[in-house]
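Biologist: Got a minute to go through this model with me? I'd like to poke at a few spots.
Modeller: Sure, pull it up and ask away.

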Amino acid sequence: MAKPTFSSDVEAVDALAQAYQDLRTEIGKVIVGQQEVVKTVLISLFSNGHSLLVGVPGLAKTLLVSTISEVLDLDFKRVQFTPDLMPTDITGSEILNDERHFEFMPGPLFANIVLADEINRTPPKTQAALLEAMQERSVTVNGVRHKLPAPFFVLATQNPIEQEGTYPLPEAQLDRFMFNIPLDYPSYEEELAVVRGTTGIERNTVNHVLSGEEILFFQQLVRKIPVSDNVLEYAVKLTGKTRPNTTRAGANVNDYISWGAGPRASQYLVLGAKCHAAISGKYSPDIEDVQAIAKYVLRHRIVRNYKAEAEGITEEAVIEGLF
């Protein structure tokens with residue numbers, strides 16, 4: 001599909017807002033509930049960021065990602081991370097072909113949307129290979145750099161209740177994810193609808209809404225959206241408030257946080273706010289847009305201390321106290 005053309009950026013932002021509504025409608029044919037999760041995943045996609053989904057098994061994380069890839073008409077690959085998975089299992093490796101020459105065989109990372117299932121089940125070496133691809137949008141095998149397709153979007157999942165035999169992601173690697181999105185159990189009515197819809201023979205089909213070219217266009221459009229100085233300053237100050245024992249830190253942060261968010265959080269707060277404003281029908285973000293996505297940007301970038309864990313103080317509670 002050709003790159004979309006619009007007479008003005010305002011018209012393009014209107015088209016992005018409409019595309020978002022169309023995506024929500026199509027995804028809603030398959031995914032029951034989880035409105036906030038779908039919204040946040042789509043914001044990270046249009047902001048050209050990656051997301052970490054944290055939830056117990058059986059909450060349709062895989063179905064959500066595969067449905068999004070189908071609606072977006074993109075190539076989708078799923079990697080089940082296990083303790084014996086090697087870096088070359090995901091990046092690809094060189095094999096000897098029929099002509100007796102080494103030929104590169106791409107791994108599952110060479111897709112538009114990659115679901116990294118249970119990323120904390122694989123050793124740090126393989127985690128690092130994935131995170132390098134996320135950052136550089138390329139992989140290096142035997143000294144040769146191979147570019148990944150565009151758009152490239154990683155959705156990783158983590159199970160928060162099983163920690164035996166896992167390799168938790170270090171904070172520096174968690175920082176590569178734009179959003180950390182918690183998934184909760186569905187409500188009684190939602191679970192009823194899920195069971196009714198999945199225990200029969202009928203299957204809902206979804207229509208393609210956006211192509212890869214259109215997604216790349218909208219990703220550039222989000223960056224072009226203007227942001228006022230007061231919103232920019234608010235985002236940077238909000239990040240600064242998470243850093244204990246600094247001039248902006250409050251009593252809660254000094255008491256309960258051992259490490260705060262870095263500059264990448266400020267960048268993602270602004271990008272996420274721009275996209276949140278666009279899909280809400282606004283042409284420039286305000287402070288409410290920053291606050292709407294702040295907990296997803298900050299919750300995996302602040303580290304609670306022993307006192308916070310002992311008193312049951314969550315990251316969300318600390319973040320909400322910053323507004």
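Modeller: What follows is a quick chat about helix packing, a few single residues and some backbone geometry.

Biologist: Is this from experiment or predicted?
Modeller: This is a predicted model.

Biologist: OK. At what angle do helix 1 and helix 8 pack?
Modeller: About 120°, with the axes 11 Å apart. That's helix 1 at residues 9-28 and helix 8 at residues 212-224.

Biologist: What do you call that arrangement of helix 1 and helix 8?
Modeller: Oblique. Angles over 145 degrees would count as roughly antiparallel and 65 to 115 as roughly perpendicular, so the pair falls under the rest.

Biologist: And is the crossing of helix 1 and helix 8 left-handed or right-handed?
Modeller: Left-handed.

Biologist: Which residues meet there, between helix 1 and helix 8?
Modeller: From helix 1 you have Asp9, Ala12, Val13, Ala15, Leu16 and Ala19. Helix 8 brings Phe217, Phe218, Leu221, Val222 and Lys224 to meet them. By class, that contact between helix 1 and helix 8 holds nine nonpolar residues, two charged ones and no polar ones.

Biologist: Switching topic: how many residues of helix 2 are buried?
Modeller: 10 of its 12, so helix 2 is largely enclosed by the rest of the structure. The buried ones are Val37, Val38, Lys39, Thr40, Val41, Leu42, Ile43, Ser44, Leu45 and Phe46.

Biologist: What span should helix 2 have, at 1.5 Å a residue?
Modeller: For the 12 residues at 35-46 you'd expect 16 Å, and the end C-alpha atoms of helix 2 are 17 Å apart, which agrees.

Biologist: What does asparagine 48 do just after helix 2?
Modeller: Asparagine 48 takes a positive phi of about 60° there. It isn't a glycine, and it lies in the loop that leads from helix 2 to strand 1 (51-54).

Biologist: Why flag a positive phi?
Modeller: Because most residues other than glycine have a negative one.

Biologist: Where else should I look for a phi near 60°?
Modeller: Try asparagine 245, which also has a positive value. Asparagine 245 sits in the loop between helix 9 (229-240) and helix 10 (251-256).

Biologist: Are those two asparagines, 48 and 245, buried or exposed?
Modeller: Asparagine 48 counts as partly exposed at 32% relative accessibility, while asparagine 245 counts as exposed at 67%.

Biologist: While we're on backbone, which residues does the cis peptide bond join?
Modeller: Alanine 150 and proline 151, with omega about -5°. Proline 151 is in the loop between strand 7 (144-147) and strand 8.

Biologist: New one: where is leucine 174, and what is it in contact with?
Modeller: Leucine 174 is in helix 6 (residues 171-174). Setting aside neighbours within four places in sequence, leucine 174 is in contact with Leu52, Leu169 and His300. Its relative accessible area is 12%, so leucine 174 is buried.

Biologist: How far is leucine 174 from arginine 301 in space?
Modeller: 7.3 Å from C-alpha to C-alpha, although the two are 127 residues apart in sequence.

Biologist: Last stop, threonine 166: which residues does it touch?
Modeller: Asn120 and Arg121, not counting residues up to four places away in sequence. Threonine 166 sits in the loop between strand 8 (153-158) and helix 6.

Biologist: Is threonine 166 buried or exposed?
Modeller: Buried, with a relative accessible area of 13%. From threonine 166 to aspartate 75 it's 29 Å in space, C-alpha to C-alpha, and 91 residues in sequence.

Note on methods
Residues numbered from 1 in each chain as written. Predicted model: local features only at pLDDT ≥ 70, side-chain atom pairs only at ≥ 80, totals over all residues. Heavy atoms only, no water. Axes fitted to C-alpha atoms, helices over the stretch in contact; angles between N-to-C directions. Helix = DSSP H or I, 4+ residues; strand = E, 2+ residues; numbered from the N terminus. Parallel < 35°, antiparallel > 145°, perpendicular 65-115°, else oblique. Left-handed = near helix turned anticlockwise from the far one by under 90°. Contact = heavy atoms within 4.5 Å. Nonpolar A, V, L, I, M, F, W, Y, C, P; charged D, E, K, R; others polar. Expected span 1.5 Å × (residues − 1). Buried < 20%, exposed > 50% of the residue type's maximum accessible area, 1.4 Å probe, protein only.
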